[in-house]
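Q: Could you take a close look at the charged pairs in this structure, and at the loop residues with unusual backbone angles? I'd love one connected walk-through.

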Amino acid sequence: MMQRKMRIYITGIAGMLGYGIVQELKEKTVIFGNDIVDIVIPGLSYTTVSLFDMPAVEQDILEKRIDILVHTAAMVSVDGCEENPEAAEKINTCVTAELSELCKKHRIKMVYISTDAVFDGEDSRLYTEEDKVNPLNVYGRTKLNGEAAVLKYPENLVFRTNIYGINIQKKLGFGEWVSHSLIEGKTLHMFTDIDFSPILVNELAELIYQACRKDLSGLYHACGTGCITKYDFGVKLKEVFHIKSGEICRSASEEAGLKAKRSKHRGMSNRKLADALHMEISTPEESIKKFCYLCGREEAAWK
């Protein structure tokens, strides 16, 4: 007897992670979603509705008879959140809390995508789920408050992460910004004093799928294995992509004139999740190789 496919609803489906989930899971799940951005995603139709219109969102979710809601939509500009804390609170915390209540009401499992910005970077080892949180900026605080709203219900799942990947919209994520800038011959000043545990959105999509299949709940770090500085990430990407143009210079974060304070150490341990899923998760270096392959595949598909 054929097993029924999981029905997933993605908020912010036209974003980088939403698109990555679509690309990775479209063959083995039934995918729905919403976004305020109206663009063409090949092979998928989605609802253009604002998350501030919660009755419309609820109606759409009920019509789709979903099993899982993956909440990727957020205000993610760290400096933008610092400049407009009310807007950050509204989307990152209040909307998340409303969605959590909606999912509880209709017995839908919620997966919330959080961030490594909940840590202050004062520790030198990889952060675990049990470590103390102390966000240094509005973005981290509002996302942490979102975590609390989701974890209020024990069946829900929170993934802390730091992602990169391919955008379908006309904007560049971190990995794309590095590769495009170098190809254009630009000089990049990349931080040697900030490290992180990046994960490719396509790999994160698979982790979400496997976690939902096993009905995991609670808090997990869904990130790359180990950590890497921003500078070393750029150098490795340049090498893997065989980019001869452009230059990467060492830089310190204090020199960048950033509006919001950043944690300098954001490396997280994914051991809890890897053990729960019986899977090994890519290192940053390994994921850059996968990113290179995906960029080539994407470029070929659009020609």
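A: Let's begin with a cut-off: a residue is called exposed when its relative accessible area is over 50%, buried when that area is under 20%, and partly exposed in between. By that rule His-242, with a relative accessible area of 62%, is exposed. Please keep in mind that this is a predicted model.

His-242 sits in the loop between helix H8 (230–240) and strand S12 (247–251). Its phi is near 55°, a positive value in a residue other than glycine. That is worth a second look because most residues other than glycine have a negative phi. Asp-215 also has a positive phi, about 55°, although it is not a glycine. You will find Asp-215 in the loop that runs between helix H7 (201–213) and strand S10 (218–221). Its relative accessibility is 52%, so Asp-215 counts as exposed.

Now to the charged pairs. Side chains of opposite charge can pair when their charged atoms come close. Searching the whole structure turns up 20 salt bridges, and a few of them are good to follow on screen.

One of them joins Glu-83 to Lys-259, with the closest N and O atoms 3.6 Å apart. Glu-83 belongs to helix H3 (residues 78–83) and Lys-259 to the loop between S12 and helix H9 (271–277), so this pair ties together parts that are 176 residues apart in sequence. Glu-83 counts as exposed because its relative accessibility is 52%, and Lys-259 counts as exposed at 54%.

Another salt bridge pairs Asp-116 with Arg-266, their closest N and O atoms lying 3.9 Å apart. This pair, too, links distant parts of the chain: Asp-116 is in the loop between strand S4 (109–115) and helix H5 (138–151), while Arg-266 is in the loop between S12 and H9, 150 residues apart. Here the partners are buried: Asp-116 has a relative accessible area of 2%, and Arg-266 has one of 12%.

Glu-184 and Lys-186 form a salt bridge as well, and their closest N and O atoms are 3.2 Å apart. Glu-184 is exposed, with a relative accessible area of 54%, whereas Lys-186 is partly exposed at 43%. Finally, have a look at Asp-123, Arg-125 and Asp-131, which are joined into one network by salt bridges that share partners.

How values were computed. Residues numbered from 1 in each chain as written. Predicted model: local features only at pLDDT ≥ 70, side-chain atom pairs only at ≥ 80, totals over all residues. Heavy atoms only, no water. Helix = DSSP H or I, 4+ residues; strand = E, 2+ residues; numbered from the N terminus. Buried < 20%, exposed > 50% of the residue type's maximum accessible area, 1.4 Å probe, protein only. Salt bridge = Lys/Arg side-chain N within 4 Å of Asp/Glu carboxyl O.
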